[in-house]
Amino acid sequence: MKKIIKTLPLLALLIVVSSCSSIRVAADYDREATFNDYKTFAFFKTGIDKAEISDLDKRRILRAIEAELLAKGFTKSENPDILVSLFTKSQQRVNVYNNAWGAGAWGWGGWGPWGGFGPGWGWGWNNQPAVSTSVQGHLYIDLIDADKKELVWQGMGTGYLSRNMDKKEARIKEFVAKIMEKYPPGSQQ
């Protein structure tokens with residue numbers, strides 16, 4: 001039983017860390033659209049300008065989307081078949097963990113440091129909760145039929161954002177790549 005209690009905090013930490021690195025994706029699309037007809041793209045500036053993120057992050061996202069579409073055989077064009085837009089939102093999450101077990105709790109009512117009843121250090125429940133914050137981001141990539149001006153495909157990714165500026169670009173590329181795996185519909189089996 002002691003072994004289980006000692007490994008619980010480590011197991012909880014591993015679950016939290018592994019869940020933070022994953023990106024959940026989903027896609028929705030117009031079942032009437034003929035995706036094989038789309039060969040060219042351009043960015044929909046009006047929609048992109050509304051995204052409430054820094055211009056630096058917008059450029060990072062747009063470069064990642066462009067790289068993914070080019071890899072899928074699309075060509076960037078002044079007269080595109082589809083327009084690409086994006087939407088972002090984020091929320092800060094506060095995580096409080098109250099089950100901290102460990103040493104170093106100073107308290108009254110146990111055996112003291114010199115063998116008598118009184119205050120002292122010892123093993124037991126640490127009543128100080130562990131608090132951490134993280135930012136969960138949502139990225140929506142919209143593909144709009146340029147002629148009909150109708151949304152034909154939307155991909156969405158949800159995951160935790162890196163606060164480390166050195167890893168930010170890699171995390172954005174990962175978000176976009178995971179979302180674009182869902183395009184065209186039926187391509188992922």
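**Entry 1: a pair in helix 4**

I began with Glu-174 and Arg-171, which sit 3 residues apart in helix 4 and are therefore separated by about one helical turn. I then looked up how the two side chains meet: Glu-174 forms a salt bridge with Arg-171, with 3.0 Å between the closest N and O atoms. The spacing made sense once I recalled that an α-helix has 3.6 residues a turn, so residues three or four places apart point the same way.

Next I checked the cover of each partner. Glu-174 is partly exposed, at a relative accessible area of 32%. Arg-171 is buried, and its relative accessible area is 11%.

**Entry 2: what kind of model this is**

A note to myself before going on: this is a predicted model. I looked up the confidence, and the mean pLDDT of the chain is 79, with 67% of its residues reaching 70 or more.

Where does pLDDT stay under 50? I found one such stretch at residues 4–20, for which the model has 5 contacts beyond four places in sequence. Another is residues 103–112, and there the model has 27 contacts beyond four places in sequence. I will read both stretches with care.

**Entry 3: the whole chain**

I counted the elements next and found 4 helices and 10 strands in the chain. Read from the N terminus, their order is α-β-β-α-α-β-β-β-β-β-β-β-β-α.

How many residues does the chain have, and what share of them count as buried? The chain has 189 residues, and 31% count as buried. I also looked up the surface: the accessible area comes to about 12700 Å², and 56% of that belongs to carbon and sulfur atoms.

Then I turned to the contacts. Taking those between residues at least 6 apart in sequence, 70% join residues at least 24 apart.

**Entry 4: helix 2**

Helix 2 covers residues 45–49, and I picked Ile-48 from it. Is Ile-48 buried or exposed? With a relative accessible area of 6%, Ile-48 is buried, because buried means under 20%.

I listed what Ile-48 touches, leaving aside neighbours within four places in sequence: Phe-43, Lys-58, Leu-62, Val-84, Ser-85 and Leu-86. I also looked up Phe-87, which is 39 residues from Ile-48 in sequence while the two C-alpha atoms are 7.2 Å apart in space.

Helix 2 has a salt bridge as well, in which the side chains of Asp-49 and Lys-45 meet at 2.9 Å, N to O. These two residues both lie in helix 2, 4 residues apart, about one turn of the helix. Asp-49 is partly exposed, with a relative accessible area of 44%. Lys-45 is exposed, at 57%.

**Entry 5: helix 3**

I moved on to helix 3, which runs over residues 55–71 and has 17 residues. From its first C-alpha to its last, helix 3 reaches 24 Å, close to the 24 Å expected at 1.5 Å a residue. After helix 3 comes Gly-73, whose phi is positive, near 95°.

Which residues of helix 3 are buried? My list reads Asp-57, Lys-58, Arg-60, Ile-61, Leu-62, Ala-64, Ile-65 and Leu-69. I noticed charged names on it, and so I looked at Asp-57 and Arg-60 in turn.

Arg-60 counts as buried because its relative accessibility is 18%, under the 20% cut-off. The side chain of Arg-60 makes a polar contact with the side chain of Asp-57, at 2.6 Å. Not counting residues up to four places away in sequence, Arg-60 touches Lys-168, Glu-169 and Ile-172.

**Entry 6: from helix 3 to helix 4**

Which residue forms a salt bridge with Asp-57? I found Lys-168, and the closest N and O atoms of the pair are 3.1 Å apart. The pair links distant parts of the chain, with Lys-168 in helix 4 (residues 165–180) and Asp-57 in helix 3, 111 residues apart. Asp-57 is buried, with a relative accessible area of 12%.

As a reminder, side chains of opposite charge can pair when their charged atoms come close. My last count was of the salt bridges in the structure, and there are 5.

Terms used: Residues numbered from 1 in each chain as written. Predicted model: local features only at pLDDT ≥ 70, side-chain atom pairs only at ≥ 80, totals over all residues. Heavy atoms only, no water. Expected span 1.5 Å × (residues − 1). Buried < 20%, exposed > 50% of the residue type's maximum accessible area, 1.4 Å probe, protein only. pLDDT = per-residue confidence, 0-100. Contact = heavy atoms within 4.5 Å. Polar contact = N/O pair within 3.5 Å; in protein donor to acceptor, adjacent residues only side chain to side chain. Areas by Shrake-Rupley, 256 points an atom, 1.4 Å probe, with all protein chains shown as cover. Salt bridge = Lys/Arg side-chain N within 4 Å of Asp/Glu carboxyl O.
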